[in-house]
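Reader: I would like a close look at one part of this model. Please take the packing around a single residue, then work outward from there.

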Amino acid sequence: MVNMVKEVRHDNSCRFRLYPNKEQRELVAKTFGCCRWVYNWRLAMRKKAWEEKKSLSITDIQSRLPAMKKDAATSWLKEVDAKALIFSLRCMDTAYQNFFKHQSGFPRFKAKYDRNQSYQTYQDVSFFYDKANYICLKCKKVSNVYLVERLREKSRLAPLIVILLVNTMLVLL
């Protein structure tokens, strides 16, 4: 008899509400859009390769990103964090592999008007207090975003997941 016990994953992340200014909101919205576009582009390439009985590895696709940023048609990809785009590619690849392992359904294209949008990036994330004793989140592209909750630690290196839930921006650390 096969042991059917699934591994339980404990989520030790903390969720904080963000208060970005206008420029930061625009940058996060651009990042959502670029990550969605890269995800859908990769899914279309995987579908086409499957129909032609070919294989495309994640490293082949990742190596195309710098050339795409230099191309005039997709030069807007330069404006957002490159690590968020790479995580988007990896997320699509994981979804595709899970389908073939019979762990989930076939990956779907992401829609522009989904209620819940998110992207993940890995970079130096630090926290500091501004002059008015507000806690700020500081990362590479989006800097000095205000948080509400008190933090136990002032800085740490962690994956950063930004989520948009019905016009409320949250960050998972």
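**Packing around Leu89**

Author: Start with Leu89, in a model that is predicted. Leaving aside its neighbours within four places in sequence, Leu89 is in contact with Val38, Trp41, Arg42, Ile58, Ile61, Gln62 and Leu65.

A second, separate core has five residues. Among them are Tyr39, Leu43, Met92 and Tyr96.

Now follow one of the Leu89 partners, Leu65. Leu65 sits in helix 3, which covers residues 65-70. Its relative accessibility is 5%, so Leu65 counts as buried, the limit being under 20%. Beyond four places in sequence, the contacts of Leu65 are Leu85, Ile86 and Leu89. Leu77 can be placed too. Leu65 and Leu77 lie 12 residues apart in sequence, and their C-alpha atoms are 8.7 Å apart in space.

Next comes the largest nonpolar core. This core has 17 residues. Which of them touch the most other members? They are Trp41, Leu77, Leu85, Leu89 and Tyr119. Helix 1 (22-51), helix 2 (58-62), helix 3 and helix 4 (82-100) are the elements that give two or more residues to this core. Helix 1 gives the most, with seven residues.

Arg46 is also found in helix 1. Is Arg46 buried or exposed? Arg46 counts as buried, because its relative accessibility is 16% and the cut-off is under 20%. Not counting residues up to four places away in sequence, Arg46 touches Leu56, Met92, Asp93 and Tyr96. Two of these names come back from the second core: Met92 and Tyr96.

Last, the cysteines. How many disulfides does a search of the whole structure find? Zero. Cys35 is in no disulfide. For Cys35, the nearest cysteine sulfur is that of Cys34, 7.0 Å away. A disulfide here needs sulfur atoms within 2.5 Å. Cys35 has 4% relative accessibility, so Cys35 counts as buried.

Why is Cys91 without a bond to its closest cysteine? The closest cysteine sulfur is in Cys35, and at 9.8 Å from the sulfur of Cys91 that is too far for a bond. Cys91 has a relative accessible area of 43%, so Cys91 is partly exposed.

Conventions: Residues numbered from 1 in each chain as written. Predicted model: local features only at pLDDT ≥ 70, side-chain atom pairs only at ≥ 80, totals over all residues. Heavy atoms only, no water. Helix = DSSP H or I, 4+ residues; strand = E, 2+ residues; numbered from the N terminus. Buried < 20%, exposed > 50% of the residue type's maximum accessible area, 1.4 Å probe, protein only. Contact = heavy atoms within 4.5 Å. Core = buried A, V, L, I, M, F, W, Y, C linked by side-chain atoms within 4.5 Å.
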